[in-house]
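Welcome, and thank you for coming along on this short tour. Please keep the model open beside the text as you read.

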Amino acid sequence: MFCYQCQETANCSGCTVSGVCGKKPDTANMQDLLVYVTKGISAVTTQIRAEGKQIDKSINHLITLNLFTTITNANFDKNVIVERIKTTLKVKENLLKEVSDKSALPSASLWNGNESEFAAKAATVGVLATENEDIRSLRELITYGLKGLSAYSKHANVLMEDNEELDAFLQRALSMLLDDTLSVDDLVALTLETGKFGVDGMAMLDKANTSAYGNPEITKVNIGVRSNPAILVSGHDLRDLEMLLEQTKDTGVDVYTHSEMLPAHYYPTFKKYSHFVGNYGNAWWKQKEEFESFNGAILMTTNCIVPPKDSYKGRMFTTGAAGYPGVKHIGGEIGEIKDFSEIIEVAKKCKPPVEIERGEIVGGFAHNQVLSLADKIVEAVQNGDIKKFIVMAGCDGRAKSRNYYTEFAKALPKDTVILTAGCAKYKYNKLNLGDINGIPRVLDAGQCNDSYSLAVIALKLKEVFGLDDINELPIIYNIAWYEQKAVIVLLSLLYLGVKNIHLGPTLPAFLSPNVLNVLVENFGISGIGSVEDDIKLFFNK
Ligand code: FSO
Ligand code: SF4
């Protein structure tokens, strides 16, 4: 195996023996093959579109789900990956019949094989199959961005939002990654185009979420527990949460959010459920301890799964793109009502959660809420009460070096406001950093995809202050990344013209020195230093 798609990759270079995340080599190899056949089918759909015909939505959904399934910590179940390869090959064979001109199709579109041939094929199509390290670097950067985009698309699709233009781009981009005639410059251009569609994808999801559940609003979220048996919902899929809340009504079972599901509490629709109690625990990587003490049933709707302990594996469930061998999976396609009765029955027999903390956290500062406070914020900036905003969106992770973000948040001057989204927030959202004229110093917009809100807010501030360039705003970008959704957020910010982003705790291993150089020269991207040095750098203190 060779995988270097996430920040925790072994020795900051690549997992080759087994994944630091727990992914086994045979599963990693099957994921490589799944990505390969997904590129193959994408070249077929791209050709069909070029010949003037349409592609059914179900094919678009198959492609995005394939990529989503290979995201870090989403699916560890080799059998699921193998089945998706088989389905993709079958669907592709049918699609090939629709193609009039097959001459330009790449070999990935024409390859077929049965399961006994999968391992041998997988060994020839992984990341290292691209020999030129700059081409490889750009191909992987784009692939990871597309994986993140696929995840966001899927969340919108389950809320019945689709964007054919976005799917057509995603598939065209995947097919271009098979094209050996493309230069570094071509791939740099495709990287930025991926960022454009990243913005579109996050906007689509924002529209889907807010149309379905209302605009997030300032909310205090309880972090303590009650004495009923309960279900803990993790991951990012709000539609799954909605179905579960409906089915747990009047059952005596409470529902709590975990990690990236916390922002669900900010939506008006979810407030109407009296058994939707609060948020339990922290970011994804602490789940081993927290799932144990939670005592109840657990539903993983997406990444990030940590290989479960036997102590709670039997009360854990996956759904959607998530999967883990030996953990019960709850099925259900887009548009179908999932049947959560089994998880509810398991929960009823469980002890109530052990309280691990008490109190509240405040969030709900997505674009609509922040823009309704715009006058207050603009006034605070104009009279000097707020000197700078620091965008600290992204991911949390288990690396000790990430304590930087807690220390950095604590060390920030008191006239600064943190804008956050994603599970990165858990490094500082319980620090009680206070407020400025009633505006909390940590404004949480929501999940990682709600980084879109931060971009909308920045663009609005640019307009209000009459600036020509988004980079003239008093905003510093100090972003933490872990997996591929953060990659699409990063590419989206680059597309929007944001410069001088600091990315940590380490720069991606998949950036070759030359590609990194392109990002440094054109966008001023850099890593992080020590807290002390960075505070000096940002504030001349
Ligand atoms: Fe975190 Fe995991 Fe949302 Fe990621 S839970 S690390 S960027 O999946 O997607 O922020
Ligand atoms: Fe390693 Fe990350 Fe890949 Fe897992 S996802 S195998 S930790 S690089």
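## A walk through the model

Let us begin inside a sheet: Val391 stands opposite Tyr477 in strand E14. Keep in mind throughout that this is a predicted model. The pair belongs to a place where strand E9 (residues 388-391) and strand E14 (residues 475-480) run in the parallel sense, joined over three bridges. As background, strands of a sheet pair through backbone hydrogen bonds, and they do so either parallel or antiparallel.

Now widen the view to the sheet around them. It is an open sheet of five strands with parallel pairing, and the order across it is E13-E10-E9-E14-E15. At the edges you will find strand E13 (442-444) and strand E15 (502-504); each has a single partner strand, so one side of each lacks a neighbour in the sheet. On average, neighbouring strands here are turned by 20° against each other, direction ignored.

Just after strand E15 there is a detail worth a stop. Gly504 and Pro505 are joined by a cis peptide bond, with omega about 5°. Pro505 has its place in the loop between E15 and helix H18 (513-523). For context, most peptide bonds are trans, and most residues other than glycine have a negative phi.

The second half of that background helps with Asn437, where phi is near 50°, a positive value in a residue other than glycine. Asn437 sits in the loop between strand E11 (435-436) and strand E12 (439-440).

A second sheet comes next. This one is an open sheet of six strands, again described by parallel pairing, in the order E4-E3-E2-E5-E6-E7. Its edge strands are strand E4 (276-279) and strand E7 (328-330), and each of these pairs on one side only. From one strand to the next, the twist averages 25°.

Within this sheet, strand E2 (residues 230-234) runs parallel to strand E3 (residues 254-257), and four bridges join them. Here Leu232 stands opposite Tyr256 in E3. Helix H9 (residues 238-248) packs on the sheet and touches E2, E3, E4, strand E5 (297-300) and strand E6 (316-319), while its direction makes about 170° with that of E2. Helix H12 (residues 341-348) packs on the sheet as well, touching E2, E5, E6 and E7, and its direction makes about 150° with that of E5.

Follow the chain out of E5 and you meet another cis peptide bond, from Asn303 to Cys304, with omega near 15°. Cys304 lies in the loop between E5 and helix H11 (310-313).

Let us turn to helices that pack against each other. Two packed helices are described by the angle between their axes and the distance between the axes. Take helix H2 (residues 57-69) and helix H3 (residues 78-96): their axes come within 11 Å and cross at roughly 150°. An angle over 145 degrees counts as roughly antiparallel, and H2 and H3 are therefore roughly antiparallel to each other. H2 passes H3 in a left-handed crossing. In the contact, Ile59, Leu62, Asn66 and Thr69 of H2 meet Val80, Ile81, Arg84, Thr88 and Val91 of H3. By class, that contact has five nonpolar, three polar and one charged residues.

Helix H6 (residues 133-157) and helix H7 (residues 164-176) offer another example, with axes 11 Å apart and an angle of about 155°. H6 and H7 are therefore roughly antiparallel to each other, and their crossing is left-handed. From H6, Ile142, Leu146, Leu149, Ser150 and Ser153 meet Leu166, Leu170, Ala173 and Leu174 of H7. The residues of this contact divide into seven nonpolar, two polar and no charged.

What about helix H15 (residues 403-411) and helix H19 (residues 531-539)? Their axes come within 10 Å and cross at roughly 45°, and H15 and H19 are therefore oblique to each other. H15 passes H19 in a right-handed crossing. The contact is made by Tyr404, Glu407, Phe408 and Ala411 of H15, together with Val531, Asp534 and Ile535 of H19. Those residues divide into five nonpolar, no polar and two charged.

Our last stop is a ligand. Which residues come nearest to ligand 2? Of the 13 residues around ligand 2, the nearest are Cys3, Cys6, Cys15, Gly19 and Cys21. The shell around ligand 2 has seven nonpolar, four polar and two charged residues by class.

Note on methods
Residues numbered from 1 in each chain as written. Chains lettered and ligands numbered in written order. Predicted model: local features only at pLDDT ≥ 70, side-chain atom pairs only at ≥ 80, totals over all residues. Near = placed C-beta within 6 Å. Nonpolar A, V, L, I, M, F, W, Y, C, P; charged D, E, K, R; others polar. Pairing = 2+ DSSP bridges. Helix = DSSP H or I, 4+ residues; strand = E, 2+ residues; numbered from the N terminus. Axes fitted to C-alpha atoms, helices over the stretch in contact; angles between N-to-C directions. Parallel < 35°, antiparallel > 145°, perpendicular 65-115°, else oblique. Left-handed = near helix turned anticlockwise from the far one by under 90°. Contact = placed C-beta atoms within 7 Å.
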